[in-house]
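Trainee: I'd like to go through this one at the side-chain level. Can we start with the charged groups and then move on to the rings?

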Amino acid sequence: MPSYLSPGVYVEEVEAGSRPIEGVGTAVAAFVGLAAEGPYNTATLVTNWTQFTGTFGGFVEGAYLAHAVYGYFLNGGGTCYVVRIGEDAAESGDGAAAPAAKPAAKPRGKAAAPLAAGPRAALGGFQVAAQQGAGEGLTVEVADAAEGAGEDAFTLVVRRGDQVEETFEVSAKRSQRTYVAAVVREKSRLIVVEEPGGSAAVARPGNQTVAVPPPSGPLPVPATITPAQYVGDSADRTGFAGLEAVDEVTMLAVPDLMSAYEQGALDAEGVKAVQLAMIAHCELMGNRVALIDPLPDLNPQEVKDWRQNGAGYDSKYAALYYPWIKVADPSTGRNRFVPPSGALAGVWARNDDSRGVHKAPANEVIRGAVELAVNLTKGENDLLNPTGVNCIRAFPGRGIRVWGARTLSSDPAWHYLNVRRLFNYLEESILLGTQWVVFEPNDDALWARIRRTISAFLVNEWRKGALFGLTPDEAFYVKCDRETNPAEGIDAGQVVCEVGIAPVKPAEFVIFRLAQFSGGTSLVNE
């Protein structure tokens, strides 16, 4: 309490009225998969495609992460987190082999060596190769170093045609900090330089220009990859378990789970283990939904059998979309089928931005989709929709559209995806907007302020069309009084507030009943 000890006028600020609750973001995706470069097991914030390519490289044949992120931004996504996995396998592979001076394990979160590079070309006693995704037309030039440099020093220039891409001042001596293999491994995004085996010194390569062969073959998924690498550990901040520390994430997708399955690194049981862990992660966090990809090359009957018997998922925090979509693949110059989760995450984000999270993310065009792996008929849609498989269909003159908005839950109250995501939004917004209540005096005045605060927020949501009812009283109720807070609860330090919400649900089945009647005027007056 302030002290009034002398005559005068005192101005004081006091709390009055309800405190506003701000709505949280609903469209922040997280992608976990394989990339050509970038930090391992670090949730990296990416806000556009250029930023992704600068950190993780471009499209790589055999992996789906880049396609998922590209589809996300193309379809309206604005912010996402990317987690690159596969560190252990990349280090033990035959790609950018580590020189003798390389430590046995890189610290997590630092820039790591790229995935397997292409064919090698001789550069004196060294070998040079292009990294995956580096493209064609690269040459490496050895030139004299600046005056005063040692006799083993030289300048390494990487060109693409007439354009200089990278320049490094390096040395052929292992003892130097500018040792060529170490410098190129740490700084180059286009090439790798390998030294010969053994401990013998390598002479400085003569001045020359060498053409670097382009990478050959698809990006190999590491043969030793396991479900544990996808799942990770929340304590070590690895895999998607490390995303427990990122509260902003509302969508989770693991597109490269399918690339590991296609190349034999994981079987169907391993895929199921990872997808069950994705669902468990989302249920544990309570503020995000998993986008589940089906196995490739399944027909409608097979995907129904896989959904009900093979996978058997039952969760209100997961959604499954079928079939795969065909998109352009700049890494090969051809179109290819990719899992739909990345593009669908972008559709969710676009829908949230244009209509709101309460609107079902369906009947929306998938941008960038050229063709579907299976052109579903209405009968096949009738087969899959009741099982919770959200179909993607092609309509003449209307493009390729999302034609389903259901979760994988067997509970009728949580059938619709927009209801689950609306509750996630309201719960998180109320949670963050009422932090001021903690340690306030637990009395009738506090209960009234809580009611006003939450009611004001829900009235705004009702006005946006997120809640069902002609009036706010029909749309929601907020109860925080002596009935919800008896003396025993007050003594235990608890404040209990009950909030009831009537969410809007989508018009999934639109029915017009037409009847024939005889027109004209009757001759008989009744």
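**A buried acid, then the rings**

Mentor: Glu 166 is buried (under 20% relative accessible area, with over 50% exposed and partly exposed in between, using a 1.4 Å probe and protein chains only), yet Glu 166 has no salt bridge. A salt bridge here is a side-chain nitrogen of Lys or Arg within 4 Å of a carboxyl oxygen of Asp or Glu. Lys and Arg count as positive, Asp and Glu as negative, and His and the chain ends are not counted; the nearest side chain of opposite charge to Glu 166 is Arg 189, 6.4 Å away. Keep in mind that this is a predicted model, where local features need pLDDT of at least 70 and side-chain atom pairs pLDDT 80 or more, while totals for chains, interfaces and linings use all residues. Residues are numbered from 1 along each chain as its sequence is written, and side-chain values use heavy atoms, with hydrogens and water left out.

Trainee: Which side chain does the side chain of Glu 166 make a polar contact with?

Mentor: A polar contact is a pair of N or O atoms within 3.5 Å; within protein, one must be able to donate a hydrogen and the other to accept it, and residues adjacent in sequence count only if both atoms are side-chain atoms. At 2.7 Å, the partner of Glu 166 is Ser 188.

Trainee: On to the rings: is the pair of Trp 49 and Phe 52 stacked or edge-to-face?

Mentor: Rings of Phe, Tyr and Trp (its six-membered ring) pair if their centres lie within 6.5 Å; planes under 30 degrees apart are stacked, over 60 edge-to-face and the rest tilted. A search of the whole structure finds 15 aromatic pairs. For Trp 49 and Phe 52, the centres are 5.2 Å apart and the planes differ by 20°, making the pair stacked.

Trainee: And what about Trp 414 and Phe 423, stacked or edge-to-face?

Mentor: Both of these residues, Trp 414 and Phe 423, are buried. Their ring centres are 5.1 Å apart with the planes at 80°, so the pair is edge-to-face.

Trainee: The charged end of which Arg sits over the ring of Trp 414?

Mentor: A charge sits over a ring if NZ of Lys or CZ of Arg is within 6 Å of the ring centre and within 35 degrees of the ring normal. Elsewhere, Arg 398 has its charged end over the ring of Phe 395, 5.1 Å from the centre. Over Trp 414, at 4.4 Å from the ring centre, it's Arg 420.
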